[in-house]
Each structure stands twice: as C-alpha cells, then as structure tokens.
Amino acid sequence: MQFGIFGVGDISPDPTTGHTQSEAERISNLIKIARRADEVGLDVFALGEHHNPPFVMSSPPALLAHIAALTDRIILSTAVTLITTNDPVKIAEDYAMVQHVAKGRLDLMLGRGNTVPVYPWFGKDIRQGVPLALENYNLLHRLWREDVIDWEGKFRTPLQGFTSTPRPLDDVPPFVWHGSIRSPETAEQAAYYGNGFFANHVLAPNFHFKPIVELYRRRYEHYGHGTAEQAIVGLGGQAFVARRSQDAVNTYRPYFENYPIFRGSKLEDYMAGTPLTVGSPQEVIEKVLTFQEGFGDYQRQLFSVDALGLPLDVALEQVELLGTEVVPVLRKEMAARRKPGVPDAPTHASLVRAKYGDAEPRQPRPNPNRGDNLSGTSPYQDSDPAVEASFPAAF
C-alpha cells in the first residue's frame, strides 16, 4: 500500500494573516514539502497540471525533475497530466526524460482535467474531450513500447517512421494511472490496458465514486488482467491533522470556510458527509479505514494537505504528522485486513522484474546519424531488423 500527498499548486490568501504567496514563493514551498515528504517516509508526491491563475503548476515535468534531484526514495507522479490538451508525443518524451532523471521513481496519472477554457487555449474542442483522451492515450501507449511508430488518427498530424526519445528507462514505461470521477470510458480504457484507476475521493459525498471504481474492477477482470479484487485502484483524500481534535478543527476552519469553493459550507457538515477528515491522527486513521471497507482493498492513498492558503509551516507539520503518526498505523492495519492475492501498486523495480526476470534490462543504443537523421533503417543497434523506419519524403 502506497501513501502520499498530492496537490495542484493553488494560491489563496491566508485568511488569518491576509498574506498571499507569490508564484515564486509557492513553487519554492512545493519543493520543500516534497523534500519533507521524502524525509518522513511517505511513498508518493504528486503534482497536478493547471494553466491558469491561481495555480502555478503549468509544467509538472520541469518541477518533478528538479524534485527528483533533491529526493532519495519517494515516487514522483502527476496528480493529473492533461491527456486531452497535451500532445502525446511531448508527454512521451518529457516524462521518459523525467523517469531517467528520477532513476525510475516516476509514474503518471492521466485525465481530462476540470478547466473548461484550457481546451481552446491549446487549440482543442471540449466537445471532443472523451475521444481526445482515448485516442491520445492509445498513441502514448504505443510510443513508449515501439521503437518506430507509423500512426494516423483524428486529432493530430500522422506520424511516419517516428521514434520517441529517450526510450523509457530500461525499456519499461512509467506505470500509468487513469484519473476520473465521471467518465466510464476512462475506466474502460484503464481496464483494457491493465493500468491503474484513480478516483479523486474528495469534493463529493462519501463513496460517491464507488460505482465507477466497481465498473473498472469488473472490466479489469473481463480483460484477463486478474480478478476484480486485484485491480489497481488509487484514491484521493483531504485531511487536516492535529494532536488534539479540537485544535485541528479550530485551526482548519478559517481556511476551509473562507476558501471560494467551500464558502457558505460549514466545516462539520462537510466532515460528516464527505471524505474530508479533520481531527486527531486516530480520527484520520479511522476515516481512511472506512475507505478500505467501502471500496475494497486498494493500492494508493493520496492526501491533499497544502491547499486553501495554508502557510508553509502548517503544511510541513501536516506532512510530518501523516508520515509519523498516521501512515505507519494505516500501513499495519490495512495490511492486516488485506485479502490474500491483492497485489501492491506497480513500481519501476517490479515492472522491470516482471519483464526481464533475472536478465539485464535493455539499454537502447542509437545508431549513428547522418546529420539530420539516422544513417540506417532502424533507430537502435538492437532494434528488430525487420522494423524499418520509413521517413516522410522531403520536397
């Protein structure tokens, strides 16, 4: 079971002081939070993608690569990479590069996002959101697994004789989670490929997303990847922890009740009706254990702990309490309740073992170039000789 934190780099005024972080301050603070998460033994640090104020996370691969150089063991991920408005070729190349920099400590969560104007900003039509997402991932899947691609689809120019570089580390692509809260097509695609499915279990009534998770589990089994109980599921969560329950409520209330999307809501009502947990470590533990009861055994639990204008020192304390007081107990309790045969979340190491066993992983070595492209018909010295890269003719 993996535990970690995720966020989208939002900026909001601190209602207790009036201070608003600058973009530079927020980016610097995200790096500090990631380093603390690594130090206290959390498993995952994930960043979302947004292209509008008040968010700073327009380029997750740039920041994740920097964080990779400053951390030792934590898995880095995205809390969503926009599979609709990003070119799948650029996703393939950017995140393969980060995977190399992180020495395999990278996976990816793909989704459509929830910002309507982002589609026209990147020249896309939101009415085609679902077909875009499906086609783009189908291409990304191939780009990471085939040395040479000839491809033609509906939403981008065709590819002829194309090789995405660098190849994934050890020729093993980053594990992919498909994130969705409303699209059965996304759950179906995740199940078809045997990928993970992530339901952001926040901002909705308790277990609101159980039907889509169950759909994914059924289809995962249908496609022969394992039983429904063995499907790879991740959940989001929102928590605020203090050693004393009332201290947690008193501290968190002004941040929650003054945040735009929660304004007009009462904190206690939200705590009772949604996955939000505000309280002592034991109260957070007990609430998360209900997730396992409701959704079944799952592989990844991420918490949002640094949003709503929380100052850095408070966010770091949240990371500390999760890593030292909450997660160690959850690991033990959830493992004890776990049914036999339920797998762990895939990691780079486990995927390498599954592909190669005890053999040495592939390390692609390119053929030399002639100035503008390859001198031969195949991009790598060990490529299948039957695969020839036929490049577009120049006129």
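How much space lies in the second largest pocket? About 250 Å³. Keep in mind as you click around that this is a predicted model.

**Stop one: the second largest pocket.** Select R145, P173, F175, N195 and L351, which lie nearest the centre of this pocket, out of 17 lining residues. Now colour α5 and α12 (348-356): each supplies at least two residues of the lining. The largest share, three residues, comes from α12. Colour the lining by class and you'll get 11 nonpolar, three polar and three charged residues.

**Stop two: α5 against α6.** Keep α5 (residues 129-143) on screen and add α6 (residues 184-193); their axes come within 10 Å and cross at roughly 15°. With an angle under 35 degrees, α5 and α6 are therefore roughly parallel to each other. The crossing is right-handed. To see what touches what, show side chains for V130, A133, L134, Y137, N138 and H141 on α5, then E185, Q189 and Y193 on α6. That contact has five nonpolar, three polar and one charged residues.

**Stop three: the largest pocket.** Leave both helices shown and bring up β1 (2-7), β5 (108-111) and β8 (176-179): these three strands, α5 and α6 each supply at least two residues of the lining of the largest pocket. The volume here is about 1000 Å³. To centre your view, pick V8, H50, N114, N200 and L203, the residues nearest the middle among the 44 that line the largest pocket. Colour by class once more: this lining has 23 nonpolar, 17 polar and four charged residues.

Technical notes. Residues numbered from 1 in each chain as written. Predicted model: local features only at pLDDT ≥ 70, side-chain atom pairs only at ≥ 80, totals over all residues. Heavy atoms only, no water. Axes fitted to C-alpha atoms, helices over the stretch in contact; angles between N-to-C directions. Helix = DSSP H or I, 4+ residues; strand = E, 2+ residues; numbered from the N terminus. Parallel < 35°, antiparallel > 145°, perpendicular 65-115°, else oblique. Left-handed = near helix turned anticlockwise from the far one by under 90°. Contact = heavy atoms within 4.5 Å. Nonpolar A, V, L, I, M, F, W, Y, C, P; charged D, E, K, R; others polar. 1 Å grid on protein atoms, 1.4 Å probe; cavity = no way out; pocket = protein on both sides within 12 Å on 5 of 7 lines; lining within 4 Å. Points joined across faces, edges and corners; volume = space filled by probe spheres on them.
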